[in-house]
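Student: I have a model open on my screen and I'd like to learn how to read it. Can you walk me through it, one feature at a time?

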Amino acid sequence: MIVKIFKEYKNPTQSGKANTNHWTIEFLSNDYRFQEQIMGWTGSTNMYPSEVKLQFKNKEEAINFAKKNKLEFFVQDLNKQKFTIKSYVNNYLS
């Protein structure tokens, strides 16, 4: 099973940075999905990808967990955000 280790991004619709201090392990699915005939629900034999996300304090803990449980993993690092300081006055200065 392959897992992705990443740090949560800030929600773009919120101004705060809550829940962005931890690293997350997310299970990726490569299982066959099927459609249940009577109700039309989509199903799978593996519940991990859609149901389980594990959170860790730092990247090293997440990597150690994946190695300890013999999981294939890859780390998705964050892109650094560029902050541009803008001022209303600059619209009128040449």
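Tutor: Sure, and keep in mind that this is a predicted model. Let's begin with contacts: among those between residues at least 6 apart in sequence, 53% join residues at least 24 apart.

Student: Which elements does the protein chain run through, from the N terminus on?

Tutor: The order is β-β-β-β-α-β-α-β. That gives two helices and six strands.

Student: What radius of gyration does the protein chain have, and what would a compact globule have?

Tutor: The idea is to set the chain against a globule with the same number of residues. A compact globule of 94 residues would come out near 12 Å, but this protein chain has 20 Å. Along the principal axes, its C-alpha atoms fill a box of roughly 65 × 40 × 20 Å.

Student: How do I read burial? What share of the residues is buried?

Tutor: Buried here means under 20% relative accessible area. Buried residues make up 21% of the 94 in the chain. As for the accessible surface, it comes to about 8,200 Å², and carbon and sulfur atoms account for 52% of that.

Student: Which residues make up the largest nonpolar core?

Tutor: A core like this is a set of buried nonpolar residues joined through their side chains. The largest one here has eleven residues, including Val3, Ile5, Trp23, Ile25, Phe56, Ala62 and Leu71. At least two residues of this core come from each of β1 (2-7), β2 (23-28) and α2.

Student: Take Phe56, then. What does Phe56 touch?

Tutor: Leaving out residues up to four places away in sequence, Phe56 touches His22, Trp23, Ile25, Glu61, Ala62 and Phe65. Trp23, Ile25 and Ala62 belong to the largest nonpolar core, as does Phe56.

Student: And on the outside, which residues make a nonpolar surface patch?

Tutor: Ile2, Leu28 and Phe74 make one of about 220 Å². Phe74 sits in strand β6 (residues 72-76). Why can Phe74 count towards a patch? Patch residues need over 30% relative accessible area, and Phe74 is partly exposed at 38%.

Student: Last one: how do I read the sign of phi?

Tutor: Most residues other than glycine have a negative phi, so a positive value is worth a look. In this model, Lys70 has a positive phi of about 55° although it is not a glycine.

Student: Where does Lys70 lie, and is it buried or exposed?

Tutor: Lys70 lies in the loop between α2 (59-68) and β6. Lys70 is exposed, with a relative accessible area of 76%.

Note on methods: Residues are numbered from 1 along each chain as its sequence is written. This is a predicted model: local features need pLDDT of at least 70, side-chain atom pairs count only at pLDDT 80 or more; totals for chains, interfaces and linings use all residues. Side-chain values use heavy atoms; hydrogens and water are left out. Patches are made of residues with over 30% relative accessible area and no salt bridge: like charges are joined within 9 Å, nonpolar side chains (Val, Leu, Ile, Met, Phe, Trp, Tyr) within 5 Å. Accessible areas come from the Shrake-Rupley method with a 1.4 Å probe; for residues, only the protein chains shown count as cover. A salt bridge is a side-chain nitrogen of Lys or Arg within 4 Å of a carboxyl oxygen of Asp or Glu. Helices (H or I, at least four residues) and strands (E, at least two) are DSSP runs, numbered from the N terminus. Buried means under 20% relative accessible area, exposed over 50%, partly exposed in between (1.4 Å probe, protein chains only). A nonpolar core is a set of buried Ala, Val, Leu, Ile, Met, Phe, Trp, Tyr and Cys residues joined through side-chain atoms within 4.5 Å. Contact means heavy atoms within 4.5 Å. The radius of gyration is taken over C-alpha atoms; the globule rule is 2.2 Å times the number of residues to the power 0.38.
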